[in-house]
Amino acid sequence: MRIDLHTHSNVSDGTQPPAVLLAAARDAALDVLALTDHDSTAGWAEAAAAARELGVVLVPGMEVSCRTAEGISVHLLSYLHDPADPGLLEEITKAKDARLSRATRLVERLAEDYPLNWDDVTQHIAPGATVGRPHIADALVAAGIVEDRAEAFGTMLSSHSRYYVSHYAPDPILAVELVRAAGGVPVFAHPVASARGRVVSDQTFEDMIDAGLLGVEVDHRDNPEEGRVRLRALAARHGLLMTGSSDYHGAGKPNLLGENLTAPEVLRRIEELASGTPVIRP
């Protein structure tokens with residue numbers, strides 16, 4: 001059984017609508033796909049309908065964008081939580097609103113030096129999508145200012161750029177607690193992806209585990225091999241689930257569907273631990 005538990009649609013920063021993403025999963029010979037858009041479950045209904053039609057098992061999920069007190073970015077995957085849970089919903093709504101305000105300010109700064117405005121960016125945002133820097137990157141590409149998303153993030157959209165604007169994001173310990181309270185299964189996404197920036201300390205990891213973290217995404221292209229060894233040891237020590245995923249974004253990243261996979265017994269355990277929403281089977 002081929003299981004990919006980390007993908008994005010255009011409800012966040014992927015480039016394909018949920019139904020098209022499910023069709024791509026079928027074409028990639030995946031049996032199971034998790035839709036984990038950033039801070040949003042708006043794609044679940046469309047994805048579920050497509051999954052039933054196409055014969056792909058769907059794991060409804062979400063990727064919660066977090067930040068530690070030290071300013072380190074943390075992404076927390078939430079599987080099978082209740083999308084209507086008031087505590088989690090309030091927090092991700094707060095984060096989405098902050099992302100939108102941040103994006104408009106960032107574009108205002110860019111517009112001082114480049115031929116770019118907010119209308120250019122909105123052309124790349126699907127209705128109801130969680131707005132983020134990838135949408136600004138796509139507008140920069142369309143305007144011929146940069147070659148691709150990678151160049152945009154490596155230059156003017158970098159956290160070190162003078163155009164950069166920070167935004168609110170929940171502490172990862174709070175996010176773990178909220179996901180658990182919503183009946184979901186929290187899994188730390190690409191936790192040792194040092195090429196993306198600073199990674200969390202051992203203490204933060206331990207605090208997240210104490211708060212109820214249930215798994216770590218070990219097999220991900222951005223986790224270096226020495227980091228994967230560390231993660232496997234940590235998972236064994238604390239009894240954490242170990243997942244593998246693509247983090248597929250359509251044309252937004254080079255990641256390929258199914259390039260890393262999760263074992264069937266791990267998916268079974270996720271289902272057993274969750275109480276918020278069911279897996280969608282054809």
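**Contacts, cores and helix packing**

Leaving aside neighbours within four places in sequence, arginine 149 is in contact with Asp13, Thr15, Pro134, Ala137, Asp138, Val141 and Gly252. This is a predicted model, and arginine 149 is a good place to enter it. The residue is found in helix 6, which spans residues 149-154. Is arginine 149 buried or exposed? Its relative accessibility is 10%, so arginine 149 counts as buried; the cut-off for buried is under 20%. Now look along the chain to threonine 277. Arginine 149 and threonine 277 are 128 residues apart in sequence, and their C-alpha atoms are separated by 34 Å.

Asp13 leads to the next stop. Asp13 is among the contacts of arginine 149, and Asp13 is also among the contacts of histidine 8. Histidine 8 sits in the loop between strand 1 (3-7) and helix 1 (18-27). With a relative accessibility of 0%, histidine 8 counts as buried. Neighbours within four places aside, histidine 8 touches Asp13, Gly14, Leu21, Leu35, Thr36, Asp37, His38, Glu63, Asp247, Tyr248 and His249. Take His249 from that list. Histidine 8 and histidine 249 are 241 residues apart along the chain, yet their C-alpha atoms are separated by 5.2 Å.

Two loop residues deserve a look at their backbone. Most residues other than glycine have a negative phi. Alanine 29 is not a glycine, but its phi is positive, about 65°. Alanine 29 lies in the loop between helix 1 and strand 2 (32-35). Aspartate 39 also has a positive phi, near 55°. Its place is the loop between strand 2 and helix 2 (44-54). How much of each residue is accessible? Alanine 29 has a relative accessible area of 47%, so it is partly exposed. Aspartate 39 has a relative accessible area of 1%, so it is buried.

Next comes the core. The largest nonpolar core has 27 residues. Which of its residues touch the most other members? They are Leu76, Leu88, Phe188, Phe205, Met208, Leu213 and Val216. Several elements give two or more residues to this core: strand 3 (57-67), strand 4 (73-79), helix 3, helix 7, helix 8 (202-211), strand 6 (215-219) and helix 9 (225-238). Phenylalanine 188 shows the surroundings of one such residue. Not counting residues up to four places away in sequence, phenylalanine 188 touches Val74, His75, Leu76, Val200, Phe205, Met208, Leu213, Gly215, Val216 and Glu217. Another core lies apart from the largest one. That core has 21 residues, including Ile136, Ala139, Ile145 and Met156.

Helices 3 and 7 both contribute to the largest core, and they also pack on each other. Helix 3 (residues 86-111) meets helix 7 (residues 172-181) at an angle of about 140°, with their axes 8 Å apart. Why is helix 3 called oblique to helix 7? Angles over 145 degrees count as roughly antiparallel and those of 65 to 115 as roughly perpendicular; an angle of about 140° falls in neither range, so helix 3 is oblique to helix 7. Their crossing is left-handed. At the contact, Gly87, Leu88 and Glu91 in helix 3 meet Leu174, Leu178 and Val179 in helix 7. By class, this contact has four nonpolar, one polar and one charged residues.

Helices 8 and 9 form another pair. They pack at an angle of about 35°, with their axes 12 Å apart. The crossing of helix 8 and helix 9 is right-handed. Which residues of helix 8 and helix 9 meet? From helix 8 come Asp202, Phe205, Glu206 and Ile209; from helix 9 come Arg230, Leu231, Leu234, Arg237 and His238. The residues of this contact divide into four nonpolar, one polar and four charged. Phe205 takes part here, and Phe205 is also one of the core residues that touch the most other members.

Finish at proline 254. Proline 254 lies in the loop between strand 7 (241-244) and helix 10 (264-273). With a relative accessible area of 59%, proline 254 is exposed. Proline 254 and arginine 180 are 74 residues apart in sequence and 32 Å apart in space, C-alpha to C-alpha.

Note on methods. Residues numbered from 1 in each chain as written. Predicted model: local features only at pLDDT ≥ 70, side-chain atom pairs only at ≥ 80, totals over all residues. Heavy atoms only, no water. Axes fitted to C-alpha atoms, helices over the stretch in contact; angles between N-to-C directions. Helix = DSSP H or I, 4+ residues; strand = E, 2+ residues; numbered from the N terminus. Parallel < 35°, antiparallel > 145°, perpendicular 65-115°, else oblique. Left-handed = near helix turned anticlockwise from the far one by under 90°. Contact = heavy atoms within 4.5 Å. Nonpolar A, V, L, I, M, F, W, Y, C, P; charged D, E, K, R; others polar. Core = buried A, V, L, I, M, F, W, Y, C linked by side-chain atoms within 4.5 Å. Buried < 20%, exposed > 50% of the residue type's maximum accessible area, 1.4 Å probe, protein only.
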